[in-house]
Number of protein chains: 2
Amino acid sequence: MRSAILNLEDSKIREVANAGLGRRDVLAFWFGESDEVTPDFIREAAIASIREGETFYSHNYGEPGLRAAIAAYTSRLHGPVDAARIAVTSGGVSALMVAVQALVDPGDEVVAVTPVWPNLTAQPAILGAKVRCVPLAPREDGAWALDLQALLDAITPATRLLVINAPNNPTGWSASRAEQQALLDHCRATGTWILADEVYERLYYEPSPNGCAPSFLDIATAEDRVVVVHSFSKSFLMTGWRMGWLVLPTAVAPHVGKLIEFNTSCASVFTQRAAQVAIERTDEVTPRVVRHLKACRDTLVGRLRQLPGVTVAPSPGGMYAFFRIQGFPDSLDLAKRLVAEAGLGLAPGNAFGPEGQGWLRWCFASREISRLEDGITRLKRWLLAQRHQG
Amino acid sequence: MRSAILNLEDSKIREVANAGLGRRDVLAFWFGESDEVTPDFIREAAIASIREGETFYSHNYGEPGLRAAIAAYTSRLHGPVDAARIAVTSGGVSALMVAVQALVDPGDEVVAVTPVWPNLTAQPAILGAKVRCVPLAPREDGAWALDLQALLDAITPATRLLVINAPNNPTGWSASRAEQQALLDHCRATGTWILADEVYERLYYEPSPNGCAPSFLDIATAEDRVVVVHSFSKSFLMTGWRMGWLVLPTAVAPHVGKLIEFNTSCASVFTQRAAQVAIERTDEVTPRVVRHLKACRDTLVGRLRQLPGVTVAPSPGGMYAFFRIQGFPDSLDLAKRLVAEAGLGLAPGNAFGPEGQGWLRWCFASREISRLEDGITRLKRWLLAQRHQG
């Protein structure tokens, strides 16, 4: 096997989850997924399609009806986007992989903002690129921020690609419009591509005109070197369906069908039918999901703040509380102990990069808010026991 | 964009299909897919799963039940294979991509046997490898054969990977046991990996003890550098489901989950439920499919042979008749004319490599054999008109 692949880190989240294998009493908040089943009307669209016998290959770019629906949805949020710029993919991660394959040659320099979902830095490494990480940093209050100047300084004419995920998994950091504009201007000058993972754009809790986090689509033209990645997983409660999409520059779109062919060929038609009703009827799902997630976030962050030694700020976007507990500097060790000793499943912050060391990620996408409270109770009890022992 | 991606050829099959866009009267045999809907009991398993709310992430390697079912199926056909060596992927093409990512570094030398499904040579090119093609060649009677010595000579200690698809798409060529053994022995000596695309193994029309084409799994150990790719598409009438799997060496299997995570994360649970009943109840599907395909093949090849100037041999495996017509040396031109002038959709042979120039691929996986006969009638009438004009 390639050493580049052997050197890719195994998921530390899986390592923690494995520590809880066979234990039915673990309250798990480690994965980035709601525990709410996909809404009925979305599931019924897939069932109808399967019943009708839509079991054949689809177009590489996706069914025309779905591409049109995605283009309409995107246009409503960010201004006109032609359906020819949309490519349907088998999940957001496949969209990212296709984009990286399109843009990154072996040996290329890629800059990534971290901590971040590890897939974003692994993909360029698989292609043989050199990945340079520019860290976000926590402020005193636990909110994470970008050192914009450091990021601009890191992006030179030698930089092929900037990978940026905002709202950010795991920290919740969201790029401001001004930050995005400065990055776009700078990357136009250096000739650097921007790969923007905006899958959490709708899960945004700050005031905004379109209900979304600031997006590169708001400011980039169809000719800019900007590729935006989206997913049905989070805003439509469809993690298990493996559906995502790319918004591509006009000149790039005609070449991406080949890459989809060589990666997955196409998405299932019946899955696309489900995605199409989901996006056409987004108003029946997403606003409710976002309202509920905000209540989850506020409850969880409020309770966490009451615990001794905890630093946490409410995330402006995403579905994670990212926090640290004084006296526990080793995330992985702490996460494993919490599984084993408290029956509480959290993701270790250093799974997302070394900057996350000492932090924990708690996915607050819980159908029942009481489940979050049960988790807090477990954490509190465990912390108290530590103080007593200490 | 990368020039490596720009240089990847657009599909010539799509080019021909585009020439027929908007025409409802085209009899299309260009894609590698049966026109029969997936059997009811398979579809119902997916529907039950969706109804039950299985809409969440799955394991990177696939659901344990499905992996066990695939291992049992593989063991029945090829001798004991442990479930730990099975990885479920989002289609055979994703299995191939994951394998290539695991094995091929930028600059590596890859040897491929051609003509072949273009994805097999495109994937190493995406990874930045150098692909060297060793051609099959047609005999006088139209059957294609391997020059084993030429292939052995091409594989040196500098060869990282041999990519071999048998039964072969498009020619129908199948590797003999002796050829496979010679290749395995040689690759053991050179340290070369073998990536065997065996998705057509069940669609085999020669006598054999297990009803399968010869497989590298019959002769390789769990420690050999052999990766075998499979798909649910052909033997189970499940093209549109995007389900495949890898059989991996024991030492490689633990590292492939990461790559699945970074490519597609996982396959949908409900799709896996359908795949599981399909493979558990293969005896209700595959033997019938194979019997029918053999009848299709025999009808089509018999009729083709009656046409003046046609050279064709019955394929030992797969679901394609690969044939040429005297006086028509340009496949792409011929295929486009057949669409436009005869309403007959075939794939141009040079879509699969330059060796296929002058040849046409006809997918004979037709639910109604009369559809094949209608196609023959169209071809015959068109050929007659050409002779009259000529």
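Biologist: Leaving out residues up to four places away in sequence, what does Gln326(B) touch?
Modeller: Bear in mind that this is a predicted model. Gln326(B) sits in the loop between strand 12 (320-325) and helix 12 (331-342) of chain B. Once residues up to four places away in sequence are set aside, what Gln326(B) touches is Gly309(B) and Arg387(B).

Biologist: Is Gln326(B) buried or exposed?
Modeller: The cut-off for exposed is over 50% relative accessible area. Gln326(B) has a relative accessible area of 60%, so the label is exposed.

Biologist: How far apart in space are Gln326(B) and Arg132(B), C-alpha to C-alpha?
Modeller: Along the sequence, 194 residues separate Gln326(B) from Arg132(B). In space, going from C-alpha to C-alpha, the separation is 29 Å.

Biologist: Over to Thr38(A): which residue of chain B is it in contact with?
Modeller: Thr38(A) belongs to the loop between strand 1 (27-28) and helix 3 (40-51) of chain A. Ignoring neighbours within four places in sequence, its contacts include Arg43(A), Phe236(A), Leu237(A), Met238(A) and Trp241(A). The contact from chain B is Thr55(B).

Biologist: And is Thr38(A) buried or exposed?
Modeller: Buried requires a relative accessible area under 20%. Thr38(A) comes in at 1%, so this loop residue is buried.

Biologist: What separates the C-alpha atoms of Thr38(A) and Ala278(A)?
Modeller: These two are 240 residues apart along the chain. Their C-alpha atoms, though, are separated by 9.7 Å.

Biologist: With Thr38(A) in contact with Thr55(B), how are the two chains related?
Modeller: In general, two copies of a chain are related by a rotation about an axis and a shift along it. Here a 180° rotation with 0.0 Å of shift along the axis puts chain B on chain A, at an RMSD of 0.0 Å. Therefore the relation is that of a two-fold axis.

Biologist: What share of the contact residues of chain B recur in chain A?
Modeller: Both copies use the same surface. The share of chain B's contact residues that recur in chain A is 100%.

Biologist: Let's talk overall form: what radius of gyration does chain A have?
Modeller: The C-alpha trace of chain A spans about 65 × 50 × 50 Å along its principal axes. A compact globule with 390 residues would have a radius of gyration near 21 Å, and chain A agrees with that, having 21 Å.

Biologist: Among contacts in chain A between residues at least 6 apart in sequence, what percentage join residues at least 24 apart?
Modeller: The secondary structure of chain A is made up of 13 helices and 15 strands. Of its 390 residues, 63% count as buried. As for contacts between residues at least 6 apart in sequence, the part joining residues at least 24 apart is 74%.

Biologist: How far apart do the centres of the positive and negative side chains of chain A lie?
Modeller: Chain A exposes about 13,400 Å², with carbon and sulfur atoms supplying 51% of that area. Its charged side chains are 39 positive and 41 negative. The centres of those two sets lie apart by 4 Å.

Biologist: How many of the 11 residues of helix 9 of chain A are buried?
Modeller: The buried residues of helix 9 include Ala253(A), Val256(A) and Leu259(A). Lys258(A) and Glu261(A) are also among them. The helix is largely enclosed by the rest of the structure, because the buried residues number nine of the 11.

Biologist: Which residue with a positive phi follows helix 9 of chain A?
Modeller: The loop in question runs between helix 9 (253-263) and helix 10 (269-280) of chain A. The residue there has a phi of about 70° although it is not a glycine. At 7% relative accessibility it counts as buried. It is Ser265(A).

Biologist: What is the phi of Arg242(A)?
Modeller: Arg242(A) lies in the loop between strand 9 (226-231) and strand 10 (244-247) of chain A. This residue is buried, with 7% relative accessible area. Arg242(A) is not a glycine, yet its phi is positive, at about 60°.

Biologist: Last one: what is omega for the cis peptide bond joining Asn169(B) and Pro170(B)?
Modeller: Chain B also has a cis bond from Thr114(B) to Pro115(B), with omega near 0°. Pro170(B) is in the loop between strand 7 (159-165) and helix 8 (177-190) of chain B. For the cis bond joining Asn169(B) and Pro170(B), omega is about 25°.

Technical notes. Residues are numbered from 1 along each chain as its sequence is written. Chains are lettered from A and ligands numbered from 1 in the order in which they are written. This is a predicted model: local features need pLDDT of at least 70, side-chain atom pairs count only at pLDDT 80 or more; totals for chains, interfaces and linings use all residues. Side-chain values use heavy atoms; hydrogens and water are left out. Helices (H or I, at least four residues) and strands (E, at least two) are DSSP runs, numbered from the N terminus. The radius of gyration is taken over C-alpha atoms; the globule rule is 2.2 Å times the number of residues to the power 0.38. Buried means under 20% relative accessible area, exposed over 50%, partly exposed in between (1.4 Å probe, protein chains only). Contact means heavy atoms within 4.5 Å. Accessible areas come from the Shrake-Rupley method with a 1.4 Å probe; for residues, only the protein chains shown count as cover. Lys and Arg count as positive and Asp and Glu as negative; His and the chain ends are not counted. The place of a charge is taken as NZ of Lys, CZ of Arg, CG of Asp or CD of Glu. Copies are superposed by least squares on the C-alpha atoms of residues with pLDDT of at least 70 in both.
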